[in-house]
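Open the model in your viewer and keep the selection panel at hand. Each stop below gives a selection and says what is there.

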Amino acid sequence: MILNTLSLVNYKNFESQDFEFDTKINCFVGANGVGKTNALDAIYHLSFGKSYFNPIATQNIRHDADFFVVDGIFDKNDKTEKVVVGLKRGQKKMIKRNGKAYDKFSDHIGFIPLVIISPADRDLIIEGSDTRRKFIDSVISQSDKLYLTNLINYNKVLSQRNALLKYFALNNTFNAQTIDVYNEQLDTYGSTIFKTRRDFLDTFIPIFKARYNVISNHNEDVDLKYKSDLFEEDLKALLAKSINKDKALQYTSVGIHKDDLNFEISGFPIKKFGSQGQQKSFLIALKLAQFDFIKQQSGVTPLLLLDDIFDKLDENRVAQIISLVDDDDFGQLFISDTHAERTENVVKQIHQSYKIFKL
């Protein structure tokens, strides 16, 4: 998978900008605030149809403009693919592939496999379980369409059940039969999602540990622990047991939407017991494992985006990361950094062609 050209119109701080990329390494360098991360986010937008950093779509439109367009031309499996993402204020977002708009955005997910490593990934450690579930879902969804469909359906039924619980509370009423219909559907989708997540983590965790070992020189012991209500009992039984609690809370308190992933170092939560360098290494290993897994599942080498990766890492860990990407397992790489000289010194150690874009 290669991104040949990127064209931006009214995207964040870019009024109009065109890039022609090297097939191996591309570096965006410049002071803070010039748009390095925005350029990476535009590439992410082409893959996922949304921003990695800003969930409010209209805020990706440049100030005083009415629309944005991000346009990319890719080589995939010896074919040229043109992907365009656009949004006009007051209208729905549009994603087109080779001139044809998608009916469902979810159909595009996985077409351009991509992994981003960014300081914003720290949210995976410090934020709630929702962030870590989204990480699991995003990795699996890039290579498993059925999983994504089941997830969309589960969340739809969950919203309907929650709305029903609110209706019951508001009208001081209850209908067990109607709740049972939703319980059945949640159980059907939820059980499949749980099994897929469990199987995924069985494969993913050893890949992650291997990546971390290389970055840390085998100095630390890390682990990922999957937490789910469904380890105790099937979802249908759990929903039946929790109905009184759910009625009181007016939302569904058990299910795969409560799953979590514990991040551990030496058997303790990395959030409390890991240094900044260890936490950053943990997240980089997590994302490189994501890269390995997607490549293994899809047979396509993902694009790899490294946003401000050298921040808060000692030279030894930076050297380890550079040695990781200095091999043929990696395809096209996009890096952002504030220090042009540091970036050039680092990429020169990688025996690949490169381009530096000074913004």
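The tour goes from a helix to charged pairs, then to rings and single residues.

**Stop 1: helix α1**

A word before you select anything: this is a predicted model. Now select residues 36–48, which make up helix α1. Check the length of α1 by its end C-alpha atoms, which are 19 Å apart. At 1.5 Å a residue, its 13 residues should span 18 Å, so the two values agree.

How much of α1 is buried? Twelve of its 13 residues are, so the helix is largely enclosed by the rest of the structure. Colour the buried ones, among them K36, N38, Y44, H45 and F48. Then step off the end of the helix to G49, just after α1. G49 has a positive phi, about 75 degrees.

**Stop 2: D41 and K12**

Stay in α1 and select D41, then add K12. The two form a salt bridge, with their closest N and O atoms 2.4 Å apart. K12 lies in the loop between β1 (2–11) and β2 (14–20), while D41 lies in α1, so the salt bridge ties together parts that are 29 residues apart in sequence.

Are the partners buried or exposed? D41 is buried, at 0% relative accessibility. K12 is buried too, at 15%; the cut-off for buried is under 20%.

**Stop 3: other salt bridges**

The count for the structure is 17 salt bridges. Three more places are worth a selection.

- Select K195 and D199. Their closest N and O atoms are 2.9 Å apart, in a salt bridge. Both residues sit in helix α5 (residues 176–215), four residues apart, so about one helical turn separates them. K195 is partly exposed at 45%, and D199 is partly exposed at 32%.
- Select E233 and K241. Their side chains form a salt bridge at 2.7 Å, N to O. E233 is partly exposed, with 29% relative accessibility. K241 is exposed, at 62%.
- Select K79, E81 and R97 together. Salt bridges link these three residues in a network.

**Stop 4: the rings**

Show the aromatic side chains. The structure holds 25 aromatic pairs. Begin with F14 and F19, whose ring centres are 6.3 Å apart. How do the planes of F14 and F19 meet? They stand at 90 degrees, so the pair is edge-to-face. F14 is buried at 6%, and F19 is buried at 3%.

Now widen the selection to F21, F28, F334 and F357. Ring pairs link these residues with F14 and F19 into a cluster.

Then move to F174 and add K247. The charged end of K247 sits over the ring of F174. The distance to the ring centre is 4.2 Å.

**Stop 5: helix α9**

Select residues 276–298, helix α9. Its 23 residues should span 33 Å at 1.5 Å a residue. The end C-alpha atoms are 33 Å apart, which agrees. Of the 23 residues, 18 are buried, so α9 is largely enclosed by the rest of the structure. Look next at G299, which follows α9. The phi of G299 is positive, near 75 degrees.

**Stop 6: T343**

Select T343, in helix α11 (residues 340–349). T343 is buried, at 0% relative accessible area. What lies 2.8 Å from a polar atom of the T343 side chain? It is the backbone oxygen of H339. Leaving out residues up to four places away in sequence, T343 touches C27, V29 and D337.

**Stop 7: K225**

Finish at K225, in strand β9 (residues 222–227). K225 is partly exposed, at 38% relative accessible area. Which residues does K225 touch, not counting those up to four places away in sequence? They are D260, L261, N262 and E264. With E264 there is a polar contact, side chain to side chain, at 3.3 Å.

For a last distance, pick the C-alpha atoms of K225 and T131. They are separated by 15 Å, and the two residues are 94 residues apart along the chain.

Terms used:
Residues are numbered from 1 along each chain as its sequence is written. This is a predicted model: local features need pLDDT of at least 70, side-chain atom pairs count only at pLDDT 80 or more; totals for chains, interfaces and linings use all residues. Side-chain values use heavy atoms; hydrogens and water are left out. A salt bridge is a side-chain nitrogen of Lys or Arg within 4 Å of a carboxyl oxygen of Asp or Glu. Helices (H or I, at least four residues) and strands (E, at least two) are DSSP runs, numbered from the N terminus. Buried means under 20% relative accessible area, exposed over 50%, partly exposed in between (1.4 Å probe, protein chains only). The expected span of a helix is 1.5 Å times one less than its number of residues. A polar contact is a pair of N or O atoms within 3.5 Å; within protein, one must be able to donate a hydrogen and the other to accept it, and residues adjacent in sequence count only if both atoms are side-chain atoms. Contact means heavy atoms within 4.5 Å. Rings of Phe, Tyr and Trp (its six-membered ring) pair if their centres lie within 6.5 Å; planes under 30 degrees apart count as stacked, over 60 as edge-to-face and the rest as tilted. A charge sits over a ring if NZ of Lys or CZ of Arg is within 6 Å of the ring centre and within 35 degrees of the ring normal.
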